[in-house]
Amino acid sequence: MIETPQIITTAAQNTAIIHLKLAMSEMMEQFGPAVGELLAAVAAQGQQPAGPVFAHHLSIEPDCDDVPSSFDFELSVPVLKAVVASGRMKPSTMPAIRAAKTIYHGAYEGLPAAWGEFMAWIKAQKLEPAMDLYEIYVTGPESGGDASAWRTEFVRPLLG
C-alpha cells in the first residue's frame, strides 16, 4: 500500500556511500552487513547519520519477466558534513531534485508491487521519470517484527 504520491523539490544533502552491484539473489545476504559497514565508517569519523539509510539505484537490470535480476546502487546515509573516504565508504551528495514521492507501508517483499503502483501513478500524471530512483528506509526490521509498521519512502527524480 502506498500513500497518495506528491511532487516535491529536495535540497542537496551530504552523504556517505558504499557503491554496490548485486544480483537479486545476493541482496538479502549483502545488504544488512553493508549497512553496518557504512554506519560504522561514519561513526569512526565522529559523525552520526543525519537521516535514514537509503539506496540510490543507478540502474536496475530486469530479467525476462521484468523482475529485477541485478542492482547497481549507492547504499547511502545523509551526514551533516562531508566524510573522508575510508575503505569502501566514499563521500557523495544527494543532489537537489524535483521528484515524485510516496511512502510504502509494509514488508520489503512488497516493494516491487508498490513500485509498480507508484510508476503507474507517475505515468498517469504524464510525468517523465529519470533513470535513477531512491528508496529511503524510514523504518524497517530494526523497529520490530510487525512489517505493517515498516515505512519505505520512494523518490523518483523527474525530467523537465
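Biologist: Is K126 buried or exposed in this structure?

Modeller: The general idea is to look at the relative accessible area, where a value over 50% counts as exposed. In this predicted model, K126 has a relative accessible area of 76%, so K126 is exposed. The residue is placed in the loop between α2 and β7.

Biologist: What is the phi of K126?

Modeller: K126 has a positive phi of about 60 degrees, although K126 is not a glycine.

Biologist: How confident is the predictor in the model, and where is the pLDDT below 50?

Modeller: One reads pLDDT as the predictor's confidence in each residue. The average pLDDT of the protein is 91, and 94% of the residues score at least 70. Residues 62-67 have a pLDDT below 50. Beyond near neighbours in sequence, that stretch has 5 contacts in the model.

Biologist: How should I read strand β1, and which residues does I8 touch?

Modeller: For a residue in a strand, it is useful to consider accessibility and contacts together. I8 lies in strand β1, which covers residues 6-9. Its relative accessibility is 18%, and I8 therefore counts as buried. Leaving aside residues up to four places away in sequence, I8 touches I97, R98, A99 and K101. The C-alpha atoms of I8 and A100 are separated by 6.2 Å, although these residues are 92 residues apart along the chain.

Biologist: Does the reading change for I7, or rather, what is the relative accessibility of I7?

Modeller: I7 is also placed in strand β1. At 38% relative accessibility, I7 counts as partly exposed. I7 touches R98, A99, A100, W121, L127 and L158, again not counting residues up to four places away in sequence. Between the C-alpha atoms of I7 and R98 there are 7.2 Å, and these two residues are 91 residues apart along the chain.

Biologist: How many aromatic pairs does the structure hold?

Modeller: To classify a ring pair, one considers the angle between the planes, and under 30 degrees counts as stacked. The structure holds 9 aromatic pairs. One of them joins F31 and F73, with 6.1 Å centre to centre and 25 degrees between the planes, and this pair is stacked.

Biologist: Why does the pair of F31 and F73 tie together parts that are apart in sequence?

Modeller: F31 lies in helix α1 (residues 24-44) and F73 in strand β4 (residues 68-78), so the pair ties together parts that are 42 residues apart in sequence. F31 is buried, with a relative accessible area of 19%. F73 counts as buried too, at 0% relative accessibility.

Biologist: Why is the pair of Y108 and W150 tilted?

Modeller: The ring centres of Y108 and W150 are 5.2 Å apart and the planes stand at 45 degrees, so the pair is tilted. Y108 lies in the loop between β6 (98-105) and α2 (111-124), whereas W150 lies in the loop between β7 (133-139) and β8 (151-157), so this pair ties together parts that are 42 residues apart in sequence. Y108 is partly exposed, with a relative accessible area of 25%, while W150 is buried at 10%. Ring pairs link F31, F73, Y108, Y137 and W150 into a cluster.

Biologist: Which residues are the closest to the centre of the second largest pocket?

Modeller: A pocket may be read by its volume and then by its lining. The second largest pocket holds about 220 Å³ of space. It is lined by 13 residues, and the closest to its centre are Q13, F54, P78, M94 and I136. The lining divides into 9 nonpolar, 3 polar and 1 charged.

How values were computed. Residues are numbered from 1 along each chain as its sequence is written. This is a predicted model: local features need pLDDT of at least 70, side-chain atom pairs count only at pLDDT 80 or more; totals for chains, interfaces and linings use all residues. Side-chain values use heavy atoms; hydrogens and water are left out. On a 1 Å grid over the protein atoms alone, a cavity is a set of points where a 1.4 Å probe fits but cannot get out, and a pocket is an open set with protein on both sides within 12 Å along at least five of seven lines; lining residues have an atom within 4 Å of a point. Grid points are joined across faces, edges and corners, and a volume is the space filled by probe spheres set on the points. Ala, Val, Leu, Ile, Met, Phe, Trp, Tyr, Cys and Pro count as nonpolar, Asp, Glu, Lys and Arg as charged, and the others, Gly among them, as polar. pLDDT is the predictor's confidence in each residue, from 0 to 100. Contact means heavy atoms within 4.5 Å. Rings of Phe, Tyr and Trp (its six-membered ring) pair if their centres lie within 6.5 Å; planes under 30 degrees apart count as stacked, over 60 as edge-to-face and the rest as tilted. Helices (H or I, at least four residues) and strands (E, at least two) are DSSP runs, numbered from the N terminus. Buried means under 20% relative accessible area, exposed over 50%, partly exposed in between (1.4 Å probe, protein chains only).
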